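Me: I am new to this structure and would like to go through it slowly. Please show it to me, and then let me ask how each description is justified.

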Amino acid sequence: MDARLAAIRDTVLARNPGEGEFHQAITEVFESLGPVHDRHPEFLHGAVLERLCEPERQIIFRVPWTDDQGQVQINRGFRVEFNSALGPYKGGLRFHPSVNLGIVKFLGYEQIFKNALTGMPIGGGKGGSDFDPRGRSDGEVMRFCQSFMTELYRHIGEYTDVPAGDIGVGGREIGYLFGQYKRITNRYESGVLTGKGISWGGSLVRPEATGFGTVIFTNEMLKTRGLSFDGQRVVVSGSGNVAINAIAKAQTFGATVVACSDSSGYIVDEAGIDVPLLKEIKEVERARLKEYSVRRPGARYVEGGSVWDAGATVALPCATQNELDGGAAAALVRGGVLAVGEGANMPCMPDAVAAFQADGVLFGPGKAANAGGVATSALEMQQNASRDSWSFEHTENRLTDIMVGIHDACAATAEEYGSPGDYVLGANIAGFVKVADAMLAQGLI
Ligand code: NDP
């Protein structure tokens, strides 16, 4: 890393002790930015990097609620409003027991650059809670969401901060959150949240957008080598919103998706995953993935273990951060993997990214490859602002154009800065320059 940037990085890490994921995200971005600061000394003079690493606002709050046994439960809520240079803060809410301030800050920091890459007028933010919705009744989830929004409502708004879903937050949770916001504010402010239901301000394609976009981006990478998804053997980690829609899109592009996972284990289905069955089990019944192998002839379930052992020519990590380590990357490389597209945020550990890049594997980082979700959230905001609703086809075409545009911008930037084919460098520089220019133009903010 450039010595000037290393000194700034060390200060940032010391100011944010114990936040390992945030440190990892910062280091990864800083490693790309040396050449930018050679060309743009004004970014150093203006302390843009130091400012970018300090959230504009961090909110932590108590979330009390009552469970079905009448017991009072206490969770912790977070919203980190990281950067509003390009537009209102925008980024999802994550409900998972692992959520802490460092994880929310890593996600919010990544979101700044991701949102810049979409070309839409949205800043970066992220939030969530250590609440675990798994195994909770609908009533418990609703009471939690209502309590969460009873504090959050005062910090958000369609021109201020627009949350959406992430791990553990899907259409059901967005519904409960929106209902409580409307009740407290007495405003039908559709643009305050995205990921809403179709009949009350949602956008077609939003549920599919992150997974679809990841596959579209990865397909564009494959095209640079005269390849496509057609005929590829694909493995996807996770079996939530992003994973299911990545599986569906890869199959429409002609691939065979042979495996996916949850946090308990993984399934292998050499005939190709049956998406309607997977959706029924995971989205309707909210059951565990193991159930798929019980109902699908020929499929097997592996308790624990690594889904990457199934072997793939295209790997799509779509579960969570740091789920794919150097060992799994080495095994994928030995098995002939051609491309890796990150549907999740930072799922590949730094040694895994290094192994892929050293071997010439096409590698699409999450802040570029999974930007289709937030881009379609911005399309939802556009529809809300104009009180319009677009067709599936029109919205999917917009998503495709945006993903191809992000791919091309990353590729062109990597080329311009002397590292052709390095999508990590391309994404970091293209996103950073856009935000840095806007921050300088707006004075010392
Ligand atoms: P969901 O809650 O819908 O699904 C998460 C999936 O990942 C579940 O199958 C879950 O299994 C699995 N999972 C979680 N932790 C682990 C683990 N340690 N090992 C294996 N599997 C695990 O979340 P999403 O699909 O929405 O989000 C997935 C990723 O995509 C996250 O990194 C998120 O930040 C990112 N993302 C999501 C966007 C969106 O629009 N939703 C937008 C951009 C990025 P289990 O049920 O066992 O916990």
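Me: What makes the shell around the ligand divide into nonpolar, polar and charged residues?
Reply: In this predicted model, the shell divides into five nonpolar, eleven polar and six charged residues, and the division rests on residue type, with Gly counted among the polar ones.

Me: Which of the 22 residues around the ligand come nearest, and how do you know that a residue is near?
Reply: A residue is near if one of its heavy atoms lies within 4 Å of the ligand, and of the 22 residues around the ligand, Asp-166, Thr-210, Ser-263, Arg-288 and Asn-345 come nearest.

Me: Why is the pair formed by Arg-134 and the ligand called a polar contact?
Reply: A polar side-chain atom of Arg-134 lies 2.8 Å from an oxygen atom of the ligand, and a polar contact is a pair of N or O atoms within 3.5 Å, so the pair qualifies. For Asn-241, a backbone N or O atom lies 2.9 Å from a ligand oxygen atom, so this pair too is within the 3.5 Å cut-off.

Me: How much of the ligand does the protein cover?
Reply: On its own the ligand has 890 Å² of accessible area, and the protein covers 83% of that.

Me: Which helices each supply at least two residues of the shell?
Reply: Helix 9 and helix 10 (241–252) each do so.

Terms used. Residues numbered from 1 in each chain as written. Predicted model: local features only at pLDDT ≥ 70, side-chain atom pairs only at ≥ 80, totals over all residues. Heavy atoms only, no water. Polar contact = N/O pair within 3.5 Å; in protein donor to acceptor, adjacent residues only side chain to side chain. Areas by Shrake-Rupley, 256 points an atom, 1.4 Å probe, with all protein chains shown as cover. Helix = DSSP H or I, 4+ residues; strand = E, 2+ residues; numbered from the N terminus.
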